[in-house]
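Visitor: Could you take me through one part of this model closely, and then set that part among its surroundings? I would like a connected account rather than a list.

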Amino acid sequence: MISPRWLVAPQEFKGTLTSAQAAEAMAKGIRESSPEVVLDVAPLADGGPGTVDALLAGTRGERRTQVVRGPLGAPVEAHWALLDDGRTAVVEMAAASGLSRLAPEALDARNASTYGTGELLRAALDSGCERLIVGLGGSATTDGGTGALTALGYRFLDAQGQPLPPGGAALSRLVKVDASGRHPRLGTVEVLGATDVTSPLLGPDGAAHLFGPQKGADAAAVEELEAALAHLTSVVGDTSAGWPGTGAAGGFGFGLVALAGARLVPGYELVSRALGLERRVLMADVVLTGEGRFDRQTSLGKGPGGLARLAREHGTPVVLFAGCVDRKDGLELDLFHEVVDLSAQARPEDSASKALCEAAARWCAARLKGR
């Protein structure tokens with residue numbers, strides 16, 4: 001009998017497991033349950049956390065580390081990468097300005113800034129790269145990317161000609177954007193914003209309304225940030241706010257397009273090409289993916305949703321392991337052959353890794369028993 005071949009390609013379980021840790025837990029459970037299964041392990045990313053690691057796994061490159069400002073100004077150690085013999089630089093905004101950089105009680109969507117990401121971008125530009133990929137996902141910020149652009153030499157000024165303080169809320173007082181001091185290489189380097197969602201900047205699926213609450217914004221703060229981002233678009237005079245992906249990373253997608261001449265690309269597709277996922281899906285009997293929360297965002301450009309669509313094109317069943325499932329959110333359940341809800345199975349004392357490992361083992365045993 002030919003051994004089954006399964007592709008294990010989970011995304012991060014936000015706040016608990018990186019994509020690599022999730023893949024390791026799933027693979028461990030399957031191997032302990034059924035050693036005869038042939039596993040192809042490919043930790044997934046879509047522009048959010050894990051993007052640098054995924055691209056380094058698919059392309060030869062060099063990781064670099066430096067200390068930059070975190071979302072609220074405290075120093076953090078963040079990484080970025082050079083690929084293709086230094087021709088392509090990859091900056092993952094979550095590494096400097098992500099949710100993982102703040103404790104849940106410290107989240108501050110109104111004042112968090114992308115400035116540290118801008119410091120990474122400056123280092124990448126100074127390296128001499130020809131192409132700059134900016135992973136847009138997992139942010140703790142809603143500042144339209146203005147913090148990062150400030151680090152690159154832009155000035156966001158109020159009515160008195162003074163620079164605005166960090167954070168998205170301050171954008172309501174924006175009067176002028178001065179780009180005269182911007183980094184000189186921005187006009188010569190191809191800039192790609194790798195988005196993890198297809199959300200526009202404004203509206204119910206935009207940066208403030210859809211993502212603000214997970215960054216600590218209450219209802220009043222959401223409305224304040226929505227108005228501030230709308231004001232930013234009026235001052236900049238750019239019409240791209242309705243484009244898919246401009247709402248990614250707290251509106252960072254919009255800032256890159258409107259002020260840095262960037263082009264937005266789906267982060268999942270970029271990583272998928274680097275990892276050769278289509279070929280690997282074709283070779284697999286089953287695709288197993290995962291993420292921390294299965295909700296409306298899953299179908300808005302997230303990696304598991306993109307992988308499910310790719311697999312469906314080739315007739316390969318896809319199973320999603322989710323930390324929890326929001327069943328009230330208009331889910332596209334038909335994207336997946338099966339959804340395994342870990343919250344319905346795990347014991348309270350189990351770690352995320354153990355819960356995922358055991359769920360994968362149980363699913364594996366049931367699958368092989370019924371084949």
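Guide: What follows begins with one helix and the core around it, and then moves outward to aromatic contacts, cysteines and a few single residues. The model is a predicted one, and the description should be read with that in mind.

The part chosen for the close look is helix H8, which runs over residues 248-260. Of its 13 residues, 13 are buried, so the helix is largely enclosed by the rest of the structure. The geometry of H8 deserves some care, since its end C-alpha atoms are only 15 Å apart, short of the 18 Å that a straight helix with 13 residues would reach at 1.5 Å a residue. Within H8 lies Ala249, which has a positive phi of about 55° although it is not a glycine. Most residues other than glycine have a negative phi. Ala249 counts as buried, because its relative accessibility is 6% and the limit for that class is under 20%. Just after the helix comes Gly261, and here too phi is positive, near 65°.

From the helix one can pass to the core that it helps to build. The largest nonpolar core of the model has 51 residues, and those with the most contacts inside it are Trp80, Leu121, Leu132, Leu136, Tyr154 and Phe252. Helix H8 gives the most to this core, with 9 residues. Leu132 offers a view of the packing: leaving aside residues up to four places away in sequence, Leu132 touches Ala89, Val91, Leu121, Ala124, Leu125, Val189, Glu190, Val191 and Leu192. Apart from this core lies another, of 35 residues, among which are Ala42, Ala54, Ala194 and Val325.

The aromatic contacts come next. A search of the whole structure finds 3 aromatic pairs. In one of them, the rings of Phe294 and Phe336 have their centres 5.6 Å apart and their planes at 90°, so the arrangement is edge-to-face. Phe294 belongs to strand S11 (residues 286-294), whereas Phe336 sits in the loop between strand S12 (318-325) and strand S13 (338-341), so the pair ties together parts that are 42 residues apart in sequence. Phe294 is buried, with a relative accessible area of 1%, and Phe336 is buried as well, with a value of 6%. Another pair, Phe321 and Trp363, is also edge-to-face, with 6.4 Å from centre to centre and 75° between the planes. Here Phe321 comes from strand S12 and Trp363 from helix H12 (residues 352-369), so this pair, too, ties together parts that are 42 residues apart in sequence. Both Phe321 and Trp363 are buried, and together with Trp6 they form one aromatic cluster. A contact of another kind involves Arg69, which lies over the face of Tyr115 at 3.9 Å from the ring centre.

The cysteines can be treated briefly. The structure holds 0 disulfides. Cys357 is in no disulfide, and the nearest cysteine sulfur, that of Cys364, is 11 Å away. Cys357 counts as buried at 10% relative accessibility, as does Cys129 at 0%.

A few residues outside the helix complete the picture. Like Ala249, Asp84 has a positive phi of about 55° although it is not a glycine. The place of Asp84 is in the loop between strand S4 (75-83) and strand S5 (88-92), where this residue counts as partly exposed at 26% relative accessibility. Glu105, found in the loop between helix H3 (93-97) and helix H4 (115-126), counts as exposed at 69% relative accessibility. Although Glu105 and Gly216 are 111 residues apart in sequence, their C-alpha atoms are 8.2 Å apart in space. Finally, Ile2 lies in the segment before strand S1 (5-8) and is exposed, with a relative accessible area of 78%. Ile2 and Val38 are 36 residues apart in sequence, with 10.0 Å between their C-alpha atoms.

To return to the starting point, helix H8 combines an enclosed position with an end-to-end span short of that of a straight helix, and H8 gives the most residues to the largest nonpolar core.

Definitions and conventions
Residues numbered from 1 in each chain as written. Predicted model: local features only at pLDDT ≥ 70, side-chain atom pairs only at ≥ 80, totals over all residues. Heavy atoms only, no water. Core = buried A, V, L, I, M, F, W, Y, C linked by side-chain atoms within 4.5 Å. Buried < 20%, exposed > 50% of the residue type's maximum accessible area, 1.4 Å probe, protein only. Helix = DSSP H or I, 4+ residues; strand = E, 2+ residues; numbered from the N terminus. Contact = heavy atoms within 4.5 Å. Phe/Tyr/Trp six-rings, centres within 6.5 Å; stacked < 30°, edge-to-face > 60°. Lys NZ or Arg CZ within 6 Å of the ring centre and 35° of its normal. Disulfide = S-S within 2.5 Å. Expected span 1.5 Å × (residues − 1).
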